[in-house]
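Reader: I am new to this structure and would be grateful for a close look at a single part of it. Please take me through that part step by step.

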Amino acid sequence: MPLSKPKISALTTRLLIWYDQHGRDLPWRIKGGQKPDPYHVLVSEMMLQQTTVATVKNYYSKFLQQFPTVRALARAEVETVLQTWAGLGYYRRAKLLHACAQTLVTEHAALWPQTVEGLKKLPGLGAYTAGAMAAIAFHQPVAAVDGNVERVISRLHGLTQPPKDNIKKIAALTQALVPQKRAGDFAQALMDLGATVCTPRHPACGRCPWAAACVAHQKGLQEKIPAKVAKKKPRSCYARAYVLRDQHGKIYIEQRPHTGLLANMWALPMGPWEEEGYQHTPPIKAQWRRVEGQVSHIFTHLRLYVEVMEARISTPPQLNGQWLSAPALEKLGWPKLMQKIFHHWRQAA
Ligand code: SF4
């Protein structure tokens, strides 16, 4: 049942008071009603999708040092952006962020649209990111609903259905709580409440500013809401990676295809990723030796097992990639999967 205006107002006030006292200090966060740089907000929001705050903290400053403005990001080659992003995973986000910067610069003279509808027209900005940008960067009184917010609102209202079956209702209930003033703080307060108090498991209701009004808490359902949806088991795939060294000990790497997982990234040559098992498709004919053990890596819906093969050649043939020394490779920004494969090979070598 929708809440009355006085109840909404009381909930909003309590949450903002709690936020002033307990909100997290984060490198991208500006408290005290100032408007943050929209570019900074977008970088942090894109990084935080599917990635923990602790991990993002390490990458956020490095990324802004490399690309301090939206124009600098738009000017950069996508490969450089991917290298700076390397290790954060979900590389599609980096490409979308780059595409967004280019669109903003070429089509909007680097001036940000300030409404949710305008922001949603930029590459990579879905309903959540556009809402978060509009609220945080432009103080628009709009809701930003992600998985954390869905959980908190479902519990507050005692909604027992899985959030994905209730998306519109949750969005409307969240929007009803957004105040006209301090909308950006409210959005961040709700994020913090979900991240630090109303956590997926064992929510700390005793510390929650909404405990008195929370239906799930009153009914003892906080562990049962939101309803769990059975997760699909990730499918397994198998692939071989090839460590090819020349007479100087340099290692051959090549750029991955333009589409698919890890698209455009510099990587060790790899064979196809197959469900049936390992295929041997080395980049060149050589005396390939299998390195003992295997590497396993999880992508969202896929668990990849990798066998590492190595070979040494005295006269490298003409290939399209590049040869780098091991220290240069260590410094190369490359994806987690490649870091794991390289580490596995170095330990065994
Ligand atoms: S009272 Fe508990 S379940 Fe309800 S919103 Fe607060 S932390 Fe979440």
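At what angle do the axes of α9 and α11 cross, and within what distance do they come?

Author: The model is a predicted one. In it, the axes of α9 and α11 come within 9 Å and cross at roughly 80°. The two helices, α9 and α11, are therefore roughly perpendicular to each other, since an angle from 65 to 115 degrees is counted in that class. On the side of α9, the residues that meet α11 are N148, V149, R151 and V152. Their partners in α11 are L190, M191, L193, G194 and A195. Sorted by class, this contact of α9 with α11 holds six nonpolar residues, two polar ones and one charged one.

Helix α9, which spans residues 147-157, also meets a second helix. The axes of α9 and α10, the latter covering residues 167-177, come within 10 Å and cross at roughly 80°. Here too the angle has a plain reading: α9 and α10 are therefore roughly perpendicular to each other. This contact joins V149, E150, I153, S154 and H157 of α9 to I170, L173 and T174 of α10. Its residues comprise four nonpolar, three polar and one charged. V149 thus has a part in both contacts, as it meets residues of α11 and residues of α10.

The α10 side of this contact can be followed further. I170, L173 and T174 are the buried residues of α10. They cover an arc of only 100° around the axis, so they lie on the same side of α10. The spacing has a general background: an α-helix has 3.6 residues a turn, so residues three or four places apart point the same way. Among the parts of the model that cover the buried residues of α10 is α9.

A further role of α9 concerns the ligand. Both α9 and α12, the latter running over residues 215-219, supply at least two residues each to the shell around the ligand. The greatest share comes from α9, with three residues. There are 14 residues around the ligand, and those that come nearest are C198, C205, C208, C214 and H217. By class, the shell consists of 11 nonpolar residues, two polar and one charged.

Helix α11, the partner with which this account began, has another neighbour in α1. Helix α1 covers residues 5-22 and helix α11 residues 183-196, and they pack at an angle of about 75° with their axes 9 Å apart. That angle makes α1 roughly perpendicular to α11. From α1, the contact takes in T12, L15, L16, W18 and Y19. From α11, it takes in D185, F186, Q188, A189, L190, D192 and L193. Eight nonpolar, two polar and two charged residues make up this contact of α1 with α11. L190 and L193 of α11 face two helices in this sense, for they are in the contact with α1 and also meet residues of α9.

In short, α9 meets α11 through residues that include N148 and R151, meets α10 through residues that include E150 and I153, and gives three residues to the shell around the ligand.

Terms used: Residues numbered from 1 in each chain as written. Predicted model: local features only at pLDDT ≥ 70, side-chain atom pairs only at ≥ 80, totals over all residues. Near = placed C-beta within 6 Å. Helix = DSSP H or I, 4+ residues; strand = E, 2+ residues; numbered from the N terminus. Nonpolar A, V, L, I, M, F, W, Y, C, P; charged D, E, K, R; others polar. Axes fitted to C-alpha atoms, helices over the stretch in contact; angles between N-to-C directions. Parallel < 35°, antiparallel > 145°, perpendicular 65-115°, else oblique. Contact = placed C-beta atoms within 7 Å. Buried ≥ 20, exposed ≤ 12 C-beta atoms within 10 Å, placed from the backbone. Arc of directions from axis to C-beta.
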